[in-house]
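The exercises below are meant to be worked with the sequence and the coordinates side by side. Attempt each task before reading the solution that follows.

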Amino acid sequence: MGKGFGFWSLISSSFFLPLLLISSCSAQVPGFVSIDCGGEASFTDELGLEWIPDNQFAFGETTNISVANETRTQYKTLRQFPIDNRKYCYTLNVTTRTRYLIRATFLYGNFDDNNVYPKFDLSLGPTFWSTIVISDATTIEMRELIFLALDPTVSVCLSNATTGKPFISTLELRQFNGSMYYTDFEEQFYLGISARINFGADSVDPVRYPDDPFDRIWESDSLKKANYLVDVAAGTKKVSTQQPIDVNRDERPPEKVMQTAVVGTNGSLTYRLNLDGFPGAGWAYSYFAEIEDLAPDETRKFRLVLPGAPDISKAVVNIMENAQGKYRLYEPGFVNLSFPFVLSFRFGKTSDSSKGPLLNAMEINKYLQKIYGSLDVAVIAGALPSYLPALWAQEGGDPCLPVPWSWVQCNTEPAPRVTAIILSSKNVTGNIPLAFTKLTGLVELWLDGNSLTGSIPDFSSCVDLSIIHLENNKLTGELPSSLLKLPSLKELYVQNNILSGKVPSGLNGKSLAFNFTGNPGLRLEEKKSQTKITVGASVGAVSLLLVTIALCLYIIKRKTRYSNQGELKHTIQSQRLASTFKDPPAEAAHCFMLSEIEDATKNFEKKIGSGGFGVVYYGKLKDGREIAVKVLTNDSYQGKREFSNEVTLLSRIHHRNLVQFLGYCQECGRNMLVYEFMHNGTLKEHLYIGPLSNRRGINWIKRLEIAEDASR
């Protein structure tokens, strides 16, 4: 791919995003990509940089903004994203083993007309980069990062909004040559730019492309902003020259930056500034070039003084001597130095120096430790190429970090594994991806309701796999015996396919929820011995007779014992939830439509409390019955299990001291339980007789009866 990019693509977690192809020669500068987020057309800016829009992408919203004194085209639009638990990623192709600068900017401009300053996270792939905190509608927030590309793509993702909507104004990628930003740690750490300063600048404008061939932004020391280069020493003077500066190599500071400087005429230069991202370990370089004419008997020698780092002050800077002449670059630096958030530093002349210290430029970067993300990245990526037109296959970044893809669940390990694939009713076609069989941490596989064909592959390497849903597809072939090798298997649903052959006898055990109906060619495996069948039937009949006798005796005894207390009316119906996520409970409970619940609760208007795993709302059915609707809020696997268990339990048990369970609703990804509404409040409220109680407590005889009935 050389210096340029083959393509870039904007990826979201909920919309189909077509790929926009860009050749390496489409940008005027090789190795440069400049994306105008929310823009509508390509343009070339006043610096000669070509910008491309992201207007072909069908997600998020583009918004026009107007900010006083900001006339650049790329800052007249932005792209905003929903407030949800997903991530939205720009994914760009890069050349491996090459260093890049990536820059993202954010200009709020009150795009939502709410003056709610957004706060959200920015990440590079799975690695947290920075939290974007907007504090002013007219100030551009900028984040820059230097990285060595180890993979052919890089993703910049927005996620975890806590206030306002996440958004982005521009995204820029700049390729470096040479090895100036090489460090011994670059495969484990990124370099987050904290300060890049042009001292002695003749205006507040930054120096960047074309003066800097790599479009680094060198901020002017004349720029006025909070906690930026304050506590300046008296006698600090700006100097400049038009003479050419020998910067040795093209990745050193550009000549224009080195042609200006500040001089401490009183013998010292002092500054204080806040360092974004610190405290922490950092990379720092100072750049010097002698641009003043010194008399033969004049010298310029000075030391850097950093509070808490006395060893650093031992080195003496003599620019003419260190750079081996005038108008030549000298660049002492530290590749691993601890910095505070508030940095104060001073350059002071030595006792034998006739001239004060001089400083042309400075860079300070913070080490940002890389997170390598999910151990299943390569495996799951192998399943995606065949499905790229699909929505779910277009999500960018790491499958697990910083937040999982919408169809994936992961564990919480530092290097997470994919534990669930949830692609129910996603119009998935073709064979079941073989890549899924290599997800060794897989616990749940949901591929039901699609148009999958072919046979069921061998999942025996997924030893933790406990839930398999393949129903309502077009799968063919036999049920593989390898399913017997899954020690944790609890649910296997393959109904309504075109499977054939015999069901392995081990799959038809009581410990497995197994459904293979709707496969006309699939039948149970016959027993090998007719004698065993006869004996088994005889033993089964005897056992059934004994159980029946015991049950009759128990019922008679129970009726006699409790005849004076009234009969406990109940209806026990045998049922099992077909699944913990999607399939509705069996016939024991009434299944309400979501529209019925919305009409009854007036779109969940009246909240009456919280209970169990959900919020409770008041409602009234069309037949006049008042109801309480508990809405599941825990969308985790455990929460859905609790929902299924409660439906199963309440459908079986009816008691005069239990609130009547009327039914449930499972629709559009929402799980709800419907009870009769109790006007007199909860049992807890009646039992409580403390000083804050506004009810009359029930007597102790009734309390004892309640306890006794509950124990039964």
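**Exercise 1. Burial of a cysteine**

Is Cys462 buried or exposed?

Solution. The model is a predicted one, and the values used here are computed from it. The relative accessible area of Cys462 is 0%. A residue counts as buried when this value is under 20%, so Cys462 is buried. The same reasoning can be applied to Cys37, which at 0% relative accessibility also counts as buried.

**Exercise 2. The disulfides**

Work out which cysteines are joined by disulfides, and give the handedness of each bond.

Solution. Begin with the count: the structure holds two disulfides. One of them joins Cys89 to Cys157, with an S to S distance of 2.1 Å. This pair links distant parts of the chain, since Cys89 belongs to strand β8 (residues 88–93) and Cys157 to strand β13 (residues 153–163), 68 residues apart. The torsion about the S-S bond of Cys89 and Cys157 is about 110°, so this disulfide is right-handed, and both of its cysteines are buried.

Turn next to Cys400 and Cys410, whose sulfur atoms are joined at 2.0 Å. Cys400 sits in the loop between α3 (377–381) and β27 (408–410), whereas Cys410 lies in strand β27 itself, 10 residues apart. Here the torsion about the S-S bond is about -80°, so the disulfide is left-handed. Cys400 is buried, its relative accessible area being 4%. With bonded cysteines counted along the chain, the pattern is therefore 1-2, 3-4.

**Exercise 3. An open sheet**

Establish the strand order of the sheet that contains β18, β19 and β25, and explain why two of these strands stand at its edges.

Solution. The three strands form an open sheet in the order β18-β19-β25, with antiparallel pairing. β18 (236–240) and β25 (358–359) each have a single partner strand, so one side of each is left without a neighbour in the sheet, and these are the edge strands. Between β18 and β19 (residues 260–264), the antiparallel pairing extends over five bridges; among them, Lys238 has Val262 of β19 as its bridge partner.

**Exercise 4. Nonpolar cores**

Identify which residues touch the most other members of the largest nonpolar core.

Solution. The largest nonpolar core has 55 residues, and those that touch the most other members are Tyr287, Phe345, Phe347, Leu359 and Ile364. Domain 1 (33–177) and domain 2 (193–369) each contribute at least three residues to this core. For Phe345, leaving aside neighbours within four places in sequence, the contacts include Leu269, Tyr271, Leu306, Leu359 and Met362. Another core, of 44 residues, lies apart from the largest one and has Tyr387, Leu447, Ile456 and Val503 among its members.

**Exercise 5. Backbone details and an annotated lysine**

Find which peptide bonds preceding Pro210 and Pro402 are cis or trans, and then examine Gln324 and Lys630.

Solution. The bond between Tyr209 and Pro210 is cis, with omega about 5°, and Pro210 lies in the loop between β16 (189–198) and β17 (219–220). Leu401 and Pro402 are likewise joined by a cis peptide bond, with omega about 0°.

Gln324 has a positive phi, near 60°, although it is a residue other than glycine; at 66% relative accessibility, Gln324 counts as exposed. Finally, Lys630 is covered by the annotation "binding site" in an unreviewed UniProt entry. Lys630 is placed in strand β41 (residues 626–632), and at 9% relative accessibility it counts as buried.

Technical notes: Residues are numbered from 1 along each chain as its sequence is written. This is a predicted model: local features need pLDDT of at least 70, side-chain atom pairs count only at pLDDT 80 or more; totals for chains, interfaces and linings use all residues. Side-chain values use heavy atoms; hydrogens and water are left out. Two strands pair if DSSP finds at least two bridges between them. Helices (H or I, at least four residues) and strands (E, at least two) are DSSP runs, numbered from the N terminus. A disulfide is a pair of cysteine sulfur atoms within 2.5 Å. Buried means under 20% relative accessible area, exposed over 50%, partly exposed in between (1.4 Å probe, protein chains only). UniProt positions are given in the numbering used here, feature names are shortened, and annotations may be inferred rather than shown by experiment. A nonpolar core is a set of buried Ala, Val, Leu, Ile, Met, Phe, Trp, Tyr and Cys residues joined through side-chain atoms within 4.5 Å. Domain bounds come from an automatic or database domain assignment. Contact means heavy atoms within 4.5 Å.
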